[in-house]
Amino acid sequence: MKFSFVTLFPSLIDGYFGDSILKRALDKSLFELESINPRDFSKDKHNKVDDKMIGGGAGMLMMPQPLFDTLSSIKKISPDAHIIFTTPVAKVFKQHDAKRLATYEHIVFVSGRYEGIDERVIETFADELFSIGDFILTGGELPSLVMCDSIVRNIDGVLGNHESLVTESFEESLLEAPSFTKPNIYENKSVPLEFLKGNHAKISDLKFALAKCKTQFFRPELIKNLTK
């Protein structure tokens, strides 16, 4: 699987994949990575990529030409590339999107800057638009990395234990149950005693009950989707 990041700041992308699980997966060629800078496609003598908004408005907007040429070059080489734009004016990215997108061969993340991207670029090239929440960021690189991280974890072989995916939050419309490690008692606080008895069926039931309580408290809207 291949990920392409269209960004004015490739260094923001490259550094994220320099450690831990993602670096090991990259070293094993479980996925490919590239960053493409629209400035390299600008026809302006100063490699300009932004301009004032027509009709007025504060700030600058990423103009069409550099992005049109960037994305056209990607599609010429990879016609089936799935192009995603990050924007706060879109549906929120969910776990089921991560699992679905992990089956694609090539995903392209387009990261906006300034006040965003000329809408004609989005209308022409977007396969999907995603937001990561109801807030504004300086640029689209962080949302792109968030989504890529979530997708990569669902690629076979990236996680050492596949069961980790099964028990994670949102897999059963529930948040993940509380987890504990040694020592059994710390600062006069004990782990649930049932966890120490070795009865896996009862532990599973307790984890489900705790997950349900946690979801009801933090994300009650998820409970209505519960299948069990």
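Helices and strands here are DSSP runs, with at least four residues for a helix and at least two for a strand, numbered from the N terminus. The model is predicted.

**Exercise 1.** State where Leu 137 lies and decide whether Leu 137 counts as buried, partly exposed or exposed.

*Solution.* Step 1: Leu 137 sits in the loop that links strand S7 (128-130) to helix H6 (141-152). Step 2: buried means under 20% relative accessible area and exposed means over 50%, with partly exposed in between. Step 3: Leu 137 has 36% relative accessibility and therefore counts as partly exposed. Step 4: together with Phe 135 and Leu 142, Leu 137 forms a nonpolar surface patch with about 280 Å² of accessible area.

**Exercise 2.** Find which strands pair with S1, and in which sense.

*Solution.* Step 1: S1 (residues 2-6) is mostly covered, with four of its five residues buried. Step 2: S1 runs parallel to S2 (residues 32-36), joined by five bridges; one of the partners in S2 is Ser 35, opposite Phe 5. Step 3: five bridges also pair S1 with S6 (residues 106-110) in the parallel sense, and His 106 in S6 is the bridge partner of Lys 2.

**Exercise 3.** Give the strand order of the sheet and name its edge strands.

*Solution.* Step 1: the five strands form an open, parallel sheet in the order S2-S1-S6-S5-S7. Step 2: S2 and S7 each pair on one side only, and are the edge strands. Step 3: from one strand to the next, the twist averages 20 degrees. Step 4: H6 packs on this sheet, touching S1, S5, S6 and S7, and its direction makes about 175 degrees with that of S1.

Note on methods. Residues are numbered from 1 along each chain as its sequence is written. This is a predicted model: local features need pLDDT of at least 70, side-chain atom pairs count only at pLDDT 80 or more; totals for chains, interfaces and linings use all residues. Side-chain values use heavy atoms; hydrogens and water are left out. Patches are made of residues with over 30% relative accessible area and no salt bridge: like charges are joined within 9 Å, nonpolar side chains (Val, Leu, Ile, Met, Phe, Trp, Tyr) within 5 Å. Accessible areas come from the Shrake-Rupley method with a 1.4 Å probe; for residues, only the protein chains shown count as cover. A salt bridge is a side-chain nitrogen of Lys or Arg within 4 Å of a carboxyl oxygen of Asp or Glu. Buried means under 20% relative accessible area, exposed over 50%, partly exposed in between (1.4 Å probe, protein chains only). Two strands pair if DSSP finds at least two bridges between them. Axes are lines fitted to C-alpha atoms, for helices over the stretch in contact, and angles run from 0 to 180 degrees between N-to-C directions. Contact means heavy atoms within 4.5 Å.
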